Each structure stands twice: as C-alpha cells, then as structure tokens.
Amino acid sequence: MPVVSISLMNVPGTEAAVGWAGTHCIIADRPEGKAGGMGLGFNGAQLLALAIGGCFCNDLRYIAHRRGVSVASLAVKVHLTMEGDPPIATGAEMVVQCAMDDGSDPQPLIDEARNSSMVGCSLQRGIPVSISAAQGG
C-alpha cells in the first residue's frame, strides 16, 4: 500500500512551521497576532481548502490526459465552512471553471474528477488520525 510522508519543524525565531515533502515546502502559521502567529504562511483551514482544491485540479488533469483531451483553462475556488470552538470544518463548496480546448462540455470531466479526488473522497469517508509523541525528545 502506498504511503506518503511529510515532515514539519519549527522555523527558528518564529512560532511557524515549515513543512516539506521531497523538494517542495510550505509554511504553516497562524494569522498575525493570534497565538504567537506572524502570518508567515497558511493556517490549517487554508491548508485544508488548498488540499481539497489542489487535489481536484490534479485529478482533473490526470483524467483529461487519460481521455486524450486537453483543458484550455481551469480555475477553482473552495469555500470552507467552519463551526465551533475549536473550529471544525463542517463543509466545503468548490466552484469550478473549466474550458476544453475543443469547446466540448467539461461537465463529464468535472464529475469524474469529483468522484475520484483522493482528498475529497477521503474526507467524505472520514479517515482515522493517530497522534503520538516521539520518543527521546
């Protein structure tokens, strides 16, 4: 079974974290003035919304390549709804603008991407998350 691993560690002199996978990195932080945040990067809600939309964009492109069709343009907006304290994501709405090079209807491609998006499908099914402290500090 495939496993994807990422790493995060603090950014010296801040309370932010830098995360990386392979040669790609991202900064996670809280908004400026919130719990030591400096607004240096994305907060958790933004990262979740980016994961939903980014995965969908990638899957739509995979499906287009598999079908042998070409996407002329693609734009996605994700609106994440949160409730409670601590805030919990209670829903996400994705609005997709997609145009095909040949002028065909993109809806079948959008539907297939929605039904096969790893992040979107995983969230709908729910996934267990275990957390443990590393030994030795």
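**Exercise 1.** In this predicted model, determine whether Arg-114 is buried, partly exposed or exposed, and identify its salt-bridge partner.

*Solution.*
Step 1. The relative accessible area of Arg-114 is 46%. Buried residues lie under 20% and exposed ones over 50%, so Arg-114 is partly exposed.
Step 2. Arg-114 pairs with Asp-111 in a salt bridge, where the closest N and O atoms are 3.2 Å apart. Asp-111 is also partly exposed, at 26%.
Step 3. The two residues are three residues apart in helix 2, and therefore about one helical turn separates Asp-111 and Arg-114.

**Exercise 2.** Identify the residues that salt bridges with shared partners join into one network.

*Solution.*
Step 1. The network consists of Glu-15, Asp-29 and Arg-30.
Step 2. Within it, Arg-30 bridges to Asp-29, with 3.7 Å between the closest N and O atoms.
Step 3. Asp-29 is buried, with a relative accessible area of 4%, whereas Arg-30 is partly exposed at 27%.

**Exercise 3.** State which parts of the chain are linked by the salt bridge between Arg-66 and Glu-112.

*Solution.*
Step 1. The closest N and O atoms of Arg-66 and Glu-112 are 2.3 Å apart.
Step 2. Arg-66 belongs to helix 1 and Glu-112 to helix 2, 46 residues apart, and the pair thus links distant parts of the chain.
Step 3. Arg-66 is exposed at 59%; Glu-112 is partly exposed at 25%.

**Exercise 4.** Determine which element gives the most residues to the largest nonpolar core.

*Solution.*
Step 1. This core has 10 residues, including Phe-56, Leu-60 and Ile-110.
Step 2. Helix 1, strand 5 and helix 2 each give two or more residues.
Step 3. Helix 1 gives the most, with four.

Note on methods:
Residues are numbered from 1 along each chain as its sequence is written. This is a predicted model: local features need pLDDT of at least 70, side-chain atom pairs count only at pLDDT 80 or more; totals for chains, interfaces and linings use all residues. Side-chain values use heavy atoms; hydrogens and water are left out. A nonpolar core is a set of buried Ala, Val, Leu, Ile, Met, Phe, Trp, Tyr and Cys residues joined through side-chain atoms within 4.5 Å. Buried means under 20% relative accessible area, exposed over 50%, partly exposed in between (1.4 Å probe, protein chains only). A salt bridge is a side-chain nitrogen of Lys or Arg within 4 Å of a carboxyl oxygen of Asp or Glu.
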